[in-house]
Amino acid sequence: MSKNVRILTVFAGVIMLFAFSGCALLGERAQALVSTVSDIVDETVTEIVPTEEPSPDTAVLADPDDDAAEEPGESESTAIIDPITDEETNQIEGFCVHPYFPVIEGQVWQYRSYEGTNVEAAEFFEISYTEIDSDQFTTLYRYYNHPGADELVLIESEWVCTEEGLLQVDFPAFQFGDAYESINIDYETIEVSGITFPQPEQFVVGSSWDLEYVVTMLTTIEDVGTYFSTTVFKQNTEVMGFETVEVPAGIFEDAVRLESRVELEVTAEVEGNTITIPTTFTFTSWYAKGVGLLRSLTEAELGSSVTELVSIQTAE
């Protein structure tokens, strides 16, 4: 394998980690990719000379597109957990209050994630919220190999709440942590438009919205080099209907089903050459009133991944 091909393989692996970190393909898939990248780094470390860092580039993003259709009915659920009450939701006032996306400080949403149908190999993560205000909040994602394990991955993400809905300001790129000291990624969201989660009136069949990011990334691979890239992330989400969903946390009726189509285009400078890596994938998600995300299914060329709600607990 030539030097250029090897470094392209290294960088492509890192890019795939970055791309899927915000779309639920974490856990075993991420660790496998890290292992592959690390093996290639070990093989090529004596051959590759680091390249200089070029200047970032920018892009102009499109405006969101909103449609309207039928109103859903009221939800009735049979669940192990109790939906969050109006009184709890109204701990805050303003645009951050959303029936399908309850943001409550002191609550911890616990999920399991697995590839394909391999439930036995499920890994676990938690979502909690902090710094909650009427127009902003912070989401904390903690990933584990199994319940009670030491923290494997931590992602912290800022959100803003407007009259259009909830917007995740920064794309939640993968954080390697101490386990992968040989690879470091510094990223910056330089452009964002659209909405992540629109206001409740948008949750009608046929309604859709757009979300776009432009993200720059500096990838440093120990003893190999530092490489600059720009990622354009485009997502369109449509309300497909209302269904009954069963997850470990219980059975929920009238859960809204959202289908998202994602296009990613990564442009990078490697060994003096410009390369572009495009990819597309879809993910489907279900949300219940007073509960939030119940289930998500990500489908891509790398495979499929399922995320399911296990419980909602009070933080210790």
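A search for aromatic pairs across the whole of this predicted model returns 15 of them. One of these pairs brings together Y100 and F203, whose rings are stacked, with 5.0 Å from centre to centre and 20 degrees between the planes. The two partners come from distant parts of the chain, 103 residues apart. Y100 sits in the loop between α3 (86-89) and β2 (107-115), while F203 belongs to the loop between β8 (197-198) and β9 (208-221). Both loops thus contribute a ring to the pair. How much of each partner remains accessible? For Y100 the relative accessible area is 2%, and for F203 the value is 1%. Because the limit for a buried residue is under 20% relative accessible area, Y100 counts as buried, and F203 does as well.

The stacked pair also has a wider aromatic setting. Ring pairs connect Y100 and F203 with F101, W109, Y129, F137, W159, F197, W209 and Y287 in a cluster. Two members of that cluster, F101 and F137, appear again in the largest nonpolar core, which contains 49 residues. Within this core, F101, F137 and L309 are the residues that touch the most other members. Strand β11 (residues 250-270) provides the largest share of the core, with 6 residues.

Turning to the strand that follows the loop of Y100, β2 spans residues 107-115. Of its 9 residues, 7 are buried, so β2 is largely enclosed by the rest of the structure. Which strands pair with β2? One partner is β14 (residues 303-314), which runs antiparallel to β2 and is joined to it by 9 bridges. Here R112 stands opposite E308 of β14. Another partner is β3 (residues 123-130), also paired in the antiparallel sense, over 6 bridges. In this pairing, Y111 has F125 of β3 as its bridge partner.

Stepping back to the overall picture, the protein has 3 helices and 14 strands. Its chain holds 316 residues, and 48% of them are buried. Among contacts between residues at least 6 apart in sequence, 61% join residues that are at least 24 apart; the pair of Y100 and F203, at 103 residues apart, likewise links distant parts of the chain. As for the outside, the protein exposes about 14700 Å², and carbon and sulfur atoms supply 45% of that area.

Technical notes
Residues are numbered from 1 along each chain as its sequence is written. This is a predicted model: local features need pLDDT of at least 70, side-chain atom pairs count only at pLDDT 80 or more; totals for chains, interfaces and linings use all residues. Side-chain values use heavy atoms; hydrogens and water are left out. Rings of Phe, Tyr and Trp (its six-membered ring) pair if their centres lie within 6.5 Å; planes under 30 degrees apart count as stacked, over 60 as edge-to-face and the rest as tilted. Helices (H or I, at least four residues) and strands (E, at least two) are DSSP runs, numbered from the N terminus. Buried means under 20% relative accessible area, exposed over 50%, partly exposed in between (1.4 Å probe, protein chains only). Contact means heavy atoms within 4.5 Å. Accessible areas come from the Shrake-Rupley method with a 1.4 Å probe; for residues, only the protein chains shown count as cover. A nonpolar core is a set of buried Ala, Val, Leu, Ile, Met, Phe, Trp, Tyr and Cys residues joined through side-chain atoms within 4.5 Å. Two strands pair if DSSP finds at least two bridges between them.
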